[in-house]
Amino acid sequence: MTFQPAPETENHDDGARLHGEYKVPGGKLVVVDLEVVAGRFADVSLSGDFFLEPDEALQDINTALTGIPDNSTAAEIAAAVTMGLPEGAVLFGFSAEAVAVTVRRALSKATGWADHQWDVIPPSVLPTQVNVALDEILTEEVGAGQRNPTLRFWDWEEPSVVIGSFQSVRNEVDPEGVSRHGITVVRRISGGGAMFMEAGNCITYSLYLPQTLVDGISFADSYAFLDAWVMAALEKLGISAYYIPLNDIATDQGKIGGAAQKRLANGGMLHHVTMSYDIDADKMVEVLRIGKEKLSDKGTRSAKKRVDPLRRQTGLARTAILAAMQEVFMERYGAVESRLTEAELGEAKKRVDTKFGTTEWLNRVP
């Protein structure tokens, strides 16, 4: 396994011309060229295929960025751009925040997909508790620079419910349904809602990435940004999918999945997605407590109507959909196939014993 070192983030030579690019998800390309002189931006030139009115606002943005300290945060850069815009200016296809991301990339304080060597771990059947433990371990490794940024597809055999980090067990899970259907209940490290998962009824993947990839991108926007590749894969399969903020993935026929995230102190980040393939809606509502409040902003009265399997929309086998997703990711980002190491699997089993398989962890929010 090879690792690509993180880009240099400090000590730019005065007068060196720096270049950054950022393609806004669903929007336009933003490009910036600038210099850093005595620790401040100089000779700033913004360009791109975006739309901006009035024309003079382009120079206003360049002027607003000139003289800003090169250690400014993304929020501070975006605020300077907003303050420098004339009243009534219209930015179409980009935003002040997009400019900030582009500038941070020029400084190598934010990274793009192409700045990293990506690995893909194909599905392998593992206990659900091991799967959630691996999410923590691989996120830590990527943050520490011990593993390349990685996409891992899950697989499992036992019927499971995976609840979000902050969910209450008693409020989310019906104990009678769990007992009757032999469900394993597990808590993951990321937030978000409960996932009902039987073997073969879902498509689940985890992205382990450095937080530099989403530097300057808002928490809400990072979801769609990190899943642009899977939207392209679904489009290739004939499904036009889109995000419903914050973290629902849907088509015109209904919700097909949801995402969750966790950011670690060491700079690693987990982005986790589960999409319905051929879910047993009757069993799901017997196992999960899905109340009216949960559905209140979804435009439906029935939890069953929220489930819209990928099998019905594509007519394809689950394995074919997984293969298409992996192919698109590998082609788009130059990723190579990888595998879990014996050390990672061994550590996952240890964490099942000490954390993810314990009643203390499962019931930390009773």
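**Reading a predicted fold**

Modeller: Let's start with α1: its buried residues pack against β3 (40–48), β4 (51–53), α2 (74–84) and α3 (96–106). Keep in mind that this is a predicted model.

Biologist: Which residues of helix α1 are buried?

Modeller: In α1, which covers residues 57–65, they are Ala57, Ile61, Asn62, Ala64 and Leu65. Each of them has under 20% relative accessible area, because that is what buried means.

Biologist: What makes you say that these buried residues line one face of α1?

Modeller: Look down the axis of α1: the buried residues fall within an arc of 160 degrees, so they line one face of the helix. There's a general point behind it: an α-helix has 3.6 residues a turn, so residues three or four places apart point the same way.

Biologist: Why is Glu344 called buried?

Modeller: Its relative accessible area is 4%, and the cut-off is under 20%, so Glu344 counts as buried. Glu344 is found in helix α13 (residues 342–356).

Biologist: Which residues is Glu344 in contact with, leaving aside its neighbours within four places in sequence?

Modeller: Those are Leu134, Ile137, Leu138, Glu141, Arg147 and Arg339.

Biologist: Now the sheet. Why are β12 and β16 called edge strands?

Modeller: The open sheet has 8 strands, in the order β12-β13-β14-β15-β11-β7-β6-β16, with mixed pairing. β12 (242–244) and β16 (336–337) each pair on one side only, and they are its edge strands.

Biologist: How do you know that β7 and β11 count as paired?

Modeller: Strands pair if there are at least two bridges between them. β7 (residues 150–153) and β11 (residues 202–210) have 4 bridges, in the antiparallel sense, so they qualify as a pair. Leu151 stands opposite Leu207 in β11.

Biologist: What lies across β6, β7, β11 and β15?

Modeller: That's helix α4 (residues 128–143), running at about 20 degrees to β11. Helix α7 (residues 219–226) packs on the sheet too, touching β11, β12, β14 (254–263) and β15. The direction of α7 makes about 115 degrees with that of β14.

Biologist: Stepping back, how do you know whether the radius of gyration agrees with that of a compact globule?

Modeller: For 366 residues, a compact globule would come out near 21 Å, and the protein has 22 Å, so the two agree. Of those 366 residues, 52% count as buried.

Biologist: How many helices and strands are there in the protein?

Modeller: There are 14 helices and 16 strands.

Notes:
Residues numbered from 1 in each chain as written. Predicted model: local features only at pLDDT ≥ 70, side-chain atom pairs only at ≥ 80, totals over all residues. Heavy atoms only, no water. Buried < 20%, exposed > 50% of the residue type's maximum accessible area, 1.4 Å probe, protein only. Helix = DSSP H or I, 4+ residues; strand = E, 2+ residues; numbered from the N terminus. Arc of directions from axis to C-beta. Contact = heavy atoms within 4.5 Å. Axes fitted to C-alpha atoms, helices over the stretch in contact; angles between N-to-C directions. Rg over C-alpha atoms; globule rule 2.2 N^0.38 Å.
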